[in-house]
Amino acid sequence: MEAGLRLALAGGPRAPRRALLEAGAGAFPDPELAARLAAVPEPLLERCQAWLACPGHHFLAWNDPRYPPLLRQCPDAPVGLFVAGDPDHLWRPAVALVGSRAASAGGRDNARGFAQALCRAGLAVASGMAAGIDGAAHAAALDCGGVTVAVLGTGPDLPYPRHHAGLMERVAADGAVVSEHPPGTPPRPAHFPARNRIIAALALGTVVVEAALRSGALITARLAAEYGREVFALPGSIHNPQARGCHRLIRDGAQLVEAPAEVLAGIASLAGRLARELAPPPSPAPPGPHETATGERDDHDKLWKALGHDPIPMDVLAERTGLTPATLSSMLLAMELDGRVVVEHGRYARRFTGGGVAA
């Protein structure tokens with residue numbers, strides 16, 4: 001971990017990831033980079049190590065198996081992430097809810113309604129911890145027992161705005177707070193547009209709830225489209241300046257949505273495709289006498305048998321099936337969106353119909 005941490009501190013958030021792999025192997029063919037690694041201030045390294053020594057604090061280098069796979073796919077993914085909370089939540093299928101800091105009362109109500117509906121459908125809600133739409137979405141997700149991921153433009157220890165300190169603590173306790181910047185990093189204007197690329201990459205789709213024409217939410221939407229994610233926008237009054245950014249997105253091809261169900265329908269195809277792409281290849285071992293011809297089908301059968309009436313945490317599923325959390329996450333994602341699995345507070349169970357029969 002220290003090699004990745006040093007590289008993140010020496011090379012900045014967008015340090016070359018090939019160098020991370022080389023650093024992890026103890027090879028530094030680039031003398032300039034080796035010199036920068038050696039020049040990392042010890043007080044900065046010690047501050048990071050002190051933060052990481054606290055319970056629930058993590059650093060995920062780009063080559064760490066816990067690093068979120070959707071983010072790793074992006075060409076400008078950060079070389080490492082500081083995470084306060086549970087890193088496994090970064091694997092959860094998520095939808096980003098973003099919008100204006102100067103949101104209207106109606107915009108905040110819409111953010112709350114969409115956040116809670118998406119969480120009840122088993123999705124996580126991602127946003128940027130800003131005032132207005134972001135804060136409303138995070139709080140609503142937590143209030144209904146859902147999972148939310150907050151991506152910061154500061155260090156993972158500095159809430160911005162400051163009055164969101166309590167909200168950030170709640171997110172870290174029941175979700176994940178994420179930053180590419182080391183602890184102690186203050187807010188800087190350039191950090192917030194850059195933070196938006198992480199929000200867009202972590203989510204299957206981005207919903208712009210309310211935004212003016214010059215809004216950071218439009219940057220998130222543009223990046224989401226560039227990453228091959230779905231983009232949605234809520235329409236508003238033609239007299240509301242905070243709706244004009246949404247209207248522009250709709251004119252440019254974003255999907256107009258009026259209800260959370262439309263978002264779920266819009267991400268279903270992409271979610272299934274990404275789940276298949278991220279699933280590890282099946283084992284090359286020949287099938288036994290009672291096994292199917294494909295390891296993938298066997299794994300799905302193991303998982304289905306391991307699920308039951310009562311919600312089960314990921315670690316128990318891994319123990320019952322012998323599959324890794326990464327494999328299980330991609331399979332559970334597809335099952336959630338097929339309506340076969342429900343998620344409650346990070347625990348998974350079969351979805352049963354009203355007659356008590358598994359769907």
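1. Start with the lining of the largest cavity: by class, 10 of its residues are nonpolar, 3 polar and 2 charged. (Ala, Val, Leu, Ile, Met, Phe, Trp, Tyr, Cys and Pro count as nonpolar, Asp, Glu, Lys and Arg as charged, and the others, Gly among them, as polar.) One caution before you go on: this is a predicted model, where local features need pLDDT of at least 70 and side-chain atom pairs count only at pLDDT 80 or more, while totals for chains, interfaces and linings use all residues. Residues are numbered from 1 along each chain as its sequence is written, and side-chain values use heavy atoms, with hydrogens and water left out.

2. How much space lies in that largest cavity? About 70 Å³. (A cavity is a set of points on a 1 Å grid where a 1.4 Å probe fits but cannot get out, and lining residues have an atom within 4 Å of a point; volume is the space filled by probe spheres on the points.) There are 15 lining residues, and the closest to the cavity's centre are Gly-128, Gly-153, Tyr-160, Phe-192 and Arg-195.

3. Searching the whole structure turns up 2 cavities of 30 Å³ or more. The second largest has a volume of about 40 Å³. Its walls come from His-89, Leu-90, Arg-92, Ala-94, Ala-124, Ala-126, Val-149 and Leu-202. Sorted by class, that lining has 6 nonpolar, 1 polar and 1 charged residues.

4. Have a look at the backbone around Tyr-160, which we met at the largest cavity. The peptide bond from Tyr-160 to Pro-161 is cis, with omega near 0 degrees. Pro-161 sits in the loop between strand S5 (148-151) and helix H8 (165-174). (Helices are DSSP runs of H or I with at least four residues, strands are runs of E with at least two, and both are numbered from the N terminus.)

5. Another backbone spot worth a click is Met-129: its phi is positive, about 65 degrees, although it is not a glycine. You will find Met-129 in the loop between strand S4 (124-127) and H7.

6. Now the helix pairs. The axes of H6 (residues 105-120) and H7 (residues 133-143) come within 8 Å and cross at roughly 40 degrees. (Axes are lines fitted to C-alpha atoms over the stretch in contact, and angles run from 0 to 180 degrees between N-to-C directions.) The contact (heavy atoms within 4.5 Å) involves Gly-107, Arg-108, Ala-111, Arg-112, Ala-115, Gln-116 and Cys-119 of H6, and Ile-133, Ala-136, Ala-137, Ala-140, Ala-141 and Asp-143 of H7. These split into 8 nonpolar, 2 polar and 3 charged.

7. H7 also meets H8: their axes come within 10 Å and cross at roughly 45 degrees. The two are therefore oblique to each other (not under 35, over 145 or from 65 to 115 degrees). Which way does the crossing of H7 and H8 go, left-handed or right-handed? It is left-handed. On the H7 side you have Gly-135, His-138, Ala-139, Leu-142 and Asp-143, and on the H8 side Leu-167, Arg-170, Val-171 and Asp-174. That makes 4 nonpolar, 2 polar and 3 charged residues.

8. Last pair: H9 (residues 191-202) and H10 (residues 216-226) pack at about 45 degrees, with axes 8 Å apart. That angle makes H9 oblique to H10. Pro-193, Asn-196, Arg-197, Ile-199 and Ala-200 of H9 touch Gly-216, Ile-219, Thr-220, Leu-223 and Ala-224 of H10. By class, the contact holds 6 nonpolar, 3 polar and 1 charged residues.

How values were computed:
On a 1 Å grid over the protein atoms alone, a cavity is a set of points where a 1.4 Å probe fits but cannot get out, and a pocket is an open set with protein on both sides within 12 Å along at least five of seven lines; lining residues have an atom within 4 Å of a point. A crossing is left-handed if the near helix is turned anticlockwise from the far one by less than a right angle, and right-handed if clockwise.
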